[in-house]
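Trainee: I would like to take one close look at a single part of this model and then see how the rest of the picture connects to it.

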Amino acid sequence: MAIIRRKASEISEPTAEDMARMAAIRDEDIDYSDIPPLTDEFWANAKRFNELYRPQKRQVTVRIDADVLAWLKQDGKGYQTRLNEILRQAMLSTKSAG
């Protein structure tokens with residue numbers, strides 16, 4: 001069997017007919033026989049998306065108020081990671097709001 005590779009931009013949107021045909025299929029009518037079962041061993045080795053996604057890091061210098069820095073450092077090592085997580089959450093909430 002040949003593997004056919006396509007870019008997402010090359011795949012057309014489903015038509016109304018496609019959607020109706022998919023909606024008519026019941027879960028119990030789907031043939032899963034060619035899909036291996038997911039065992040406990042599989043899930044033991046599974047990774048979450050955030051464990052695989054590693055954005056490129058850049059070293060920068062930034063000025064932060066002393067009390068903010070003390071607050072970030074109060075839980076010990078990893079304050080830069082905590083700062084990045086706070087900034088990422090703010091960035092993502094701004095994107096979803098706008």
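Trainee: Is Leu92 buried, partly exposed or exposed, and what is its relative accessible area?

Mentor: Bearing in mind that this is a predicted model, Leu92 counts as partly exposed because its relative accessible area is 44%, and buried would require a value under 20% whereas exposed would require one over 50%. Leu92 lies in helix α5, and its C-alpha atom is separated by 22 Å from that of Leu69, a residue 23 positions apart from Leu92 along the chain. Helix α5, which covers residues 79-97, also holds Arg88, and Arg88 is partly exposed as well, with a relative accessible area of 32%. Arg88 in turn belongs to a positive surface patch, whose other members are Arg54, Lys57 and Lys95.

Charged side chains also appear in salt bridges, of which the structure has three. Side chains of opposite charge can pair when their charged atoms come close. In helix α1, which spans residues 16-24, Arg21 and Asp18 sit three residues apart, or about one turn of the helix, and their side chains form a salt bridge with an N to O distance of 3.3 Å. Both partners are partly exposed, Arg21 at 48% relative accessibility and Asp18 at 22%.

The remaining pairings centre on Arg26, whose side chain meets that of Glu28 in a salt bridge at 3.4 Å, N to O, and that of Asp29 in another at 3.0 Å, N to O. Because these salt bridges share a partner, Arg26, Glu28 and Asp29 are joined into one network. Within this network, Glu28 is exposed, with a relative accessible area of 58%, whereas Arg26 is partly exposed at 47% and Asp29 is likewise partly exposed at 47%.

Turning from charges to rings, the structure holds one aromatic pair, made by Phe42 and Trp43, whose ring centres lie 4.9 Å apart and whose planes meet at 85°, an edge-to-face arrangement. The arrangement is given that name because planes over 60 degrees apart count as edge-to-face. Phe42, for its part, is partly exposed, with a relative accessibility of 43%.

To return to the residue you asked about, Leu92 is a partly exposed residue of helix α5, the helix in which Arg88 is also placed.

Note on methods. Residues numbered from 1 in each chain as written. Predicted model: local features only at pLDDT ≥ 70, side-chain atom pairs only at ≥ 80, totals over all residues. Heavy atoms only, no water. Patch = residues over 30% accessible without salt bridge, like charges linked within 9 Å, V, L, I, M, F, W, Y side chains within 5 Å. Areas by Shrake-Rupley, 256 points an atom, 1.4 Å probe, with all protein chains shown as cover. Salt bridge = Lys/Arg side-chain N within 4 Å of Asp/Glu carboxyl O. Lys, Arg positive; Asp, Glu negative; His and termini not counted. Charge placed at Lys NZ, Arg CZ, Asp CG, Glu CD. Helix = DSSP H or I, 4+ residues; strand = E, 2+ residues; numbered from the N terminus. Buried < 20%, exposed > 50% of the residue type's maximum accessible area, 1.4 Å probe, protein only. Phe/Tyr/Trp six-rings, centres within 6.5 Å; stacked < 30°, edge-to-face > 60°.
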